[in-house]
Every structure is written in C-alpha cells, then in structure tokens.
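Thanks for coming, everyone. I'd like to walk you through one structure today. Have a look at it first, and then we'll go through it piece by piece.

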Amino acid sequence: MRIILLSCLIFAGCASGEFHSILPEGVQLKTGDVVFRRGGGLTSRAVLMADVKGEYSHIGIVVDSAGQKMIVHAVPGELDFEGDEDRVKMDRPEHFFSTEFTIIGEICRPKNSLIAVRAAEVALRQYRKGVLFDHDYDDHDSAKMYCTELVAYAFRQAGHEIAGGERHHVDLPIVRADCIFPSDIHSSDFLESIIMFHQ
C-alpha cells in the first residue's frame, strides 16, 4: 500500500532547482480529465516497487475555475506559503506537471462527459471547502482526503465508481489502512488515455 502512502508526497525529481513543465504545448484539457504523474525521486521509485501494476504515484482531476483549466488534487508536502497545511489544492497544469514533481505524466478522459463535469464540480467544492489531507488514509468519510480518495469520491458522487470499489490493505508502522491505489483508477475502463509524456 505504500503506493498511496508515498504517492502524494513531494518528489525530488530535479536537483538543479531549474524546473519547467513537461506538459506538451497545445494539449487541450477537458473538465473532468483525470491526470497522473510519476516523480523521479526515491519516494516515487519506492511507490512503484510497492504496486506491481502501478505506473504513477499521484493523481488529480481537471476542473474549470472561472473559465481556466486547473488541477485539483490532495497532496502533502507542497505548501504554498509558510504556515500552510497539507490539503486539497488547485494548481495550474504547468505546475502540477513541473519537473519538480514529474518525469512522466498522462491525461485520461472519462468516456461520459456529463459524469466528468459533475465529478470535477465535486472536487472543486472540496478544494473550496479547504478539505485537509488525510494522513490516516481513511476513506470512510470525506472530512479529510488523500489523492486517490478525492478522485474516487468525486466520481462516486457524480454517479460512477471509477476505482471499482477495490481497497488494498496496508500495515506499516506509520499507518494501518485500506486504501485505493492510483493504478486502480488508471486501469478503469471508464477512462481512455489521451496522451502520455515525459521529460
């Protein structure tokens, strides 16, 4: 289960401090797209070893914020200011896919655009509510959320079980929980891959 526990942590993909987006120019995101990324640091490598089906270590969902496409995601360790808390965030796609966090990315599109838009609206509400990151990885309620929980919850509220209801038991010193892996969502037949890209 380390894929979830570690998947939403900050990555150390670039050592130079010179970061740039790997999102290709001209890519048209749509509301409700599910986005995946993998970092290049030790954390991401540990995540990938923990889940033999896993290709990615973090996910988010594209929302429409005042006509601009943004990505809502639940993540720890990516604080926007001093005193900030780990929480559901909304970032520009270029930031989400920055080399600070990403060496490989993918955009997947739900096959039902109405459900996609509804899911995005749910996720946007969670961001606006200031929902905190769920360090206990407990998806029995929506008071706090981890990355895959947020996306699965948004689609469930919109009328589709995108993660298939599967949970993976984790029994580690830092947490004991039953969680959703990014690969559970990535493998959903409700999604179709639009583009994959890398550094």
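Start with tyrosine 137. Tyrosine 137 sits in the loop between β6 and β7. Keep in mind that this is a predicted model. The phi of tyrosine 137 is near 50°, a positive value in a residue other than glycine. Most residues other than glycine have a negative phi. Is tyrosine 137 buried or exposed? Buried: its relative accessible area is 5%, and the cut-off for buried is under 20%.

Now compare alanine 66. Alanine 66 is not a glycine, and its phi is positive too, at about 55°. Alanine 66 belongs to the loop between β2 and β3. With a relative accessible area of 84%, alanine 66 is exposed.

Let's step back to the whole chain. How many helices and strands does the chain have? Six helices and 10 strands. The chain has 199 residues, and buried residues make up 52% of them. About 9,200 Å² is exposed by the chain. Carbon and sulfur atoms supply 49% of that area. Then the contacts. Take those in the chain with a separation of 6 or more: residues 24 or more positions apart account for 72% of them.

Next, the inside. In soluble globular proteins, nonpolar side chains tend to be buried together. Here, the largest nonpolar core has 39 residues. Which of them touch the most other members? Val34, Phe36, Val63, Val72, Phe155 and Ile185. Several elements each supply at least two residues of this core, including β1, β3, β5, α4 and β9. And α5 gives the most, with seven residues.

Zoom in on phenylalanine 36. Among the residues that phenylalanine 36 touches are Tyr56, Ile59, Phe97, Cys108, Ile185 and Leu191. Another core, of 10 residues, lies apart from the largest one. Its members include Leu23, Leu29, Val35 and Phe97.

On to charges. A search of the whole structure finds 10 salt bridges. I'll show you three of them.

The side chains of arginine 37 and glutamate 78 meet in a salt bridge, at 2.6 Å from N to O. This pair links distant parts of the chain, 41 residues apart. Arginine 37 is in strand β1, residues 34-38. Glutamate 78 is in the loop between β3 and β4. Arginine 37 counts as buried because its relative accessibility is 0%. Glutamate 78 is buried as well, with a relative accessible area of 5%.

Then arginine 167 and aspartate 139. Their side chains form a salt bridge at 2.8 Å, N to O. Again the pair links distant parts of the chain, this time 28 residues apart. Arginine 167 lies in the loop between α5 and β8, and aspartate 139 in the loop between β6 and β7. Arginine 167 counts as partly exposed, at 30% relative accessibility. Aspartate 139 counts as buried, at 17%.

The third is lysine 89 with aspartate 91, at 3.7 Å from N to O. Both lysine 89 and aspartate 91 are buried. They also belong to a network of salt bridges, which links Asp80, Asp84, Arg87, Lys89 and Asp91.

Now an acid without such a partner. Aspartate 184 lies in helix α6, residues 182-186. Aspartate 184 is buried yet has no salt bridge. Which side chain of opposite charge is nearest to aspartate 184? Lysine 53, at 4.2 Å. A salt bridge needs the charged atoms within 4 Å, so this pair does not count. What else is around? The backbone nitrogen of phenylalanine 181 lies 2.8 Å from a polar atom of the aspartate 184 side chain. Leaving out residues up to four places away in sequence, aspartate 184 touches Lys53, Ile162, Ala163, Glu166 and His168.

Last stop, leucine 132. Leucine 132 lies in strand β6. It counts as partly exposed, at 26% relative accessibility. Leucine 132 and serine 142 are 10 residues apart in sequence. In space they are 9.7 Å apart, C-alpha to C-alpha. Among the residues that leucine 132 touches are Glu85, Asp86, Arg87 and Met145. Arg87 is also one of the residues in that network of salt bridges.

That's the tour. Over to you.

Conventions:
Residues are numbered from 1 along each chain as its sequence is written. This is a predicted model: local features need pLDDT of at least 70, side-chain atom pairs count only at pLDDT 80 or more; totals for chains, interfaces and linings use all residues. Side-chain values use heavy atoms; hydrogens and water are left out. Helices (H or I, at least four residues) and strands (E, at least two) are DSSP runs, numbered from the N terminus. Buried means under 20% relative accessible area, exposed over 50%, partly exposed in between (1.4 Å probe, protein chains only). Lys and Arg count as positive and Asp and Glu as negative; His and the chain ends are not counted. A polar contact is a pair of N or O atoms within 3.5 Å; within protein, one must be able to donate a hydrogen and the other to accept it, and residues adjacent in sequence count only if both atoms are side-chain atoms. Contact means heavy atoms within 4.5 Å. A nonpolar core is a set of buried Ala, Val, Leu, Ile, Met, Phe, Trp, Tyr and Cys residues joined through side-chain atoms within 4.5 Å. Accessible areas come from the Shrake-Rupley method with a 1.4 Å probe; for residues, only the protein chains shown count as cover.
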